[in-house]
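This report looks at one protein structure, first at part of its sheet and then at a part of its surface. Please keep the sequence and the 3D view at hand while reading.

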Amino acid sequence: MNNLLFLMDVSTAVDATEAAQSGGFDVFGLSLANPITAVIVYVVVILLFMYVLSIRPHKKVETAVEEMRKSVQIGDPVLLATGFFGKVVDITAECFIVEIGLNKGVRVPVLKDEIMNIREPNLSNKEIEVEEPPKKGLFGRKK
């Protein structure tokens with residue numbers, strides 16, 4: 001057993017001395033002659049992780065919200081970014097004309113970006129039951 005560990009130590013020491021003599025670095029199995037290229041490889045890998053973990057999911061959410069805003073039609077109840085509920089009575093190129101209030105007389109032009117959701121207000125004292133999606137384990141398996 002000790003002989004095996006000794007052989008492994010010798011082989012890694014030989015690889016390190018070869019890299020030092022050739023003036024290169026070993027990154028992910030690639031020998032890089034210049035330390036700046038090693039830094040560039042690390043930066044590219046970090047940026048790739050940032051894209052996969054943060055930017056890509058955010059873009060998916062943005063496209064879903066944009067599709068929802070495009071699907072708004074006349075007569076739909078909407079929730080505005082200010083927290084007001086209203087009903088769309090007209091659509092223009094830049095904004096929606098939203099009727100706010102119970103007296104149906106207040107019509108307000110609202111930018112299309114200010115529509116947050118298509119839904120009616122809950123005017124009862126009952127809590128709305130939110131259905132939770134089924135939980136998935138690691139690698140998309142259901143628990």
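The sections below describe a predicted model, beginning with one strand and its partners.

## A buried strand

Strand β5 covers residues 95-100, and six of its six residues are buried, so the strand is largely enclosed by the rest of the structure. A residue counts as buried when its relative accessible area is under 20%.

In a regular strand, side chains alternate between the two faces of the sheet. In β5, Cys95, Ile97 and Glu99 point one way, while Phe96, Val98 and Ile100 point the other way. Both sets are buried.

## The partners of β5

Strand β4 (residues 85-91) runs antiparallel to β5, and five bridges join the two. Within this pair, Val88 has Val98 of β5 as its bridge partner. The connection from β4 to β5 is a hairpin through three residues.

β5 also pairs with strand β6 (residues 106-111), again in the antiparallel sense, over six bridges. Here Phe96 has Val110 of β6 as its bridge partner. The hairpin of β5 and β6 has five residues between the strands, and in this hairpin Gly101 takes a positive phi near 100°.

## A nonpolar patch on the surface

Which residues make the nonpolar surface patch of about 610 Å²? They are Leu48, Phe49, Tyr51, Val52, Leu53 and Ile55.

One of these residues, Leu53, lies in helix α2, which spans residues 35-70. Leu53 has a relative accessible area of 67%. Exposed means over 50%, so Leu53 is classed as exposed.

Notes
Residues are numbered from 1 along each chain as its sequence is written. This is a predicted model: local features need pLDDT of at least 70, side-chain atom pairs count only at pLDDT 80 or more; totals for chains, interfaces and linings use all residues. Side-chain values use heavy atoms; hydrogens and water are left out. Patches are made of residues with over 30% relative accessible area and no salt bridge: like charges are joined within 9 Å, nonpolar side chains (Val, Leu, Ile, Met, Phe, Trp, Tyr) within 5 Å. Accessible areas come from the Shrake-Rupley method with a 1.4 Å probe; for residues, only the protein chains shown count as cover. A salt bridge is a side-chain nitrogen of Lys or Arg within 4 Å of a carboxyl oxygen of Asp or Glu. Helices (H or I, at least four residues) and strands (E, at least two) are DSSP runs, numbered from the N terminus. Buried means under 20% relative accessible area, exposed over 50%, partly exposed in between (1.4 Å probe, protein chains only). Two strands pair if DSSP finds at least two bridges between them.
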